[in-house]
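Visitor: Please take me through one part of this model in close-up, and then show me how it sits in the rest of the chain. I'd like to go residue by residue where that helps.

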Amino acid sequence: MWDPQAHEFRKKLSVLRYDAGGHGQSPPTPGSYSIELLAKDVIAMLDALIWTRSFCGLSMGGMIGMWLALNAPSA
């Protein structure tokens, strides 16, 4: 779904695409999931990679992006 956009973004930006826990090819972890948990996973991943923070998402990814904007705008 993101291939055309990622191609365009890569012309000017570094792009990191990931599977949210339990989605795509990532194995599920025990316990329940929440948007907060998935957003904190994004923060941890970007911290570990020392990655510049910009986020783009659609559907569930959009909800994660909204949580990040409201709860961790400088993270």
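**Close-up: methionine 60 and its surroundings**

Guide: Let's begin with methionine 60, a residue of helix α3. Please keep in mind as we go that this is a predicted model. Is methionine 60 buried, exposed or partly exposed? Its relative accessible area is 28%, and since buried means under 20% and exposed means over 50%, methionine 60 counts as partly exposed.

Now for its company. If you set aside residues up to four places away in sequence, methionine 60 touches Ala20, His23, Ile35 and Leu38. You can also take a longer sight line from here: arginine 17 is 43 residues away along the chain, and the C-alpha atoms of methionine 60 and arginine 17 are separated by 14 Å. Arginine 17 will come up again when we reach the largest pocket.

Next, step back to serine 59, which belongs to the loop between α2 and α3. What is the sign of phi in serine 59? Phi is positive there, near 60°, and this residue is not a glycine. As background, most residues other than glycine have a negative phi. Serine 59 has a relative accessibility of 62%, and because the cut-off for exposed is over 50%, serine 59 counts as exposed.

The loop between α2 and α3 also holds isoleucine 50. Isoleucine 50 is not a glycine either, yet it has a positive phi of about 50°. With 77% relative accessibility, over the 50% cut-off, isoleucine 50 is classed as exposed.

Tryptophan 51 is placed in the loop between α2 and α3 too. Here the relative accessibility is 27%, which lies between the 20% and 50% limits, so tryptophan 51 is partly exposed. Which residues does tryptophan 51 contact, leaving aside neighbours within four places in sequence? They are Ser14, Val15, Leu16 and Leu46. For a sense of distance, compare proline 28: it is 23 residues from tryptophan 51 in sequence and 24 Å from it in space, C-alpha to C-alpha.

Let's return to helix α3 and look at asparagine 71, which is found in it. Asparagine 71 has a relative accessible area of 46%, under the 50% limit but above the 20% one, and is therefore partly exposed. Across the chain, asparagine 71 and glutamate 36 are 35 residues apart, with their C-alpha atoms separated by 9.1 Å.

Alanine 72 is in the segment after α3. Alanine 72 is buried, because its relative accessible area of 14% falls under the 20% cut-off. Leaving out residues up to four places away in sequence, alanine 72 touches Ile43 and Trp67. Alanine 44 lies 28 residues from alanine 72 in sequence, and the two are 12 Å apart in space, C-alpha to C-alpha.

With those residues in place, we can turn to the largest pocket. Which residues lie nearest its centre? Leu16, Arg17, Tyr18, Phe55 and Cys56 do, out of the 27 residues that line the pocket. The elements that give two or more residues to this lining are α1 (3-9), α2 (35-49) and α3 (60-71). Two of the central names have already appeared: Leu16 is one of the contacts of tryptophan 51, and Arg17 was the far end of our sight line from methionine 60. Sorted by class, the lining of the largest pocket has 18 nonpolar, seven polar and two charged residues. The volume of the largest pocket is about 900 Å³.

Finally, let's zoom out to the chain as a whole. Three helices and zero strands make up its elements, and read along the sequence they follow the pattern α-α-α. The radius of gyration is 13 Å, close to the 11 Å that the globule rule gives for 75 residues, so the chain is as compact as a globular protein of that length. Along its principal axes, the C-alpha trace spans about 40 × 30 × 25 Å.

How much of the chain is buried? Buried residues account for 19% of the 75 residues, and alanine 72 is one of them. Among contacts with a separation of 6 or more, 56% join residues 24 or more positions apart. The accessible surface of the chain is about 5,700 Å², and 60% of this belongs to carbon and sulfur atoms.

How values were computed. Residues numbered from 1 in each chain as written. Predicted model: local features only at pLDDT ≥ 70, side-chain atom pairs only at ≥ 80, totals over all residues. Heavy atoms only, no water. 1 Å grid on protein atoms, 1.4 Å probe; cavity = no way out; pocket = protein on both sides within 12 Å on 5 of 7 lines; lining within 4 Å. Points joined across faces, edges and corners; volume = space filled by probe spheres on them. Helix = DSSP H or I, 4+ residues; strand = E, 2+ residues; numbered from the N terminus. Nonpolar A, V, L, I, M, F, W, Y, C, P; charged D, E, K, R; others polar. Rg over C-alpha atoms; globule rule 2.2 N^0.38 Å. Buried < 20%, exposed > 50% of the residue type's maximum accessible area, 1.4 Å probe, protein only. Contact = heavy atoms within 4.5 Å. Areas by Shrake-Rupley, 256 points an atom, 1.4 Å probe, with all protein chains shown as cover.
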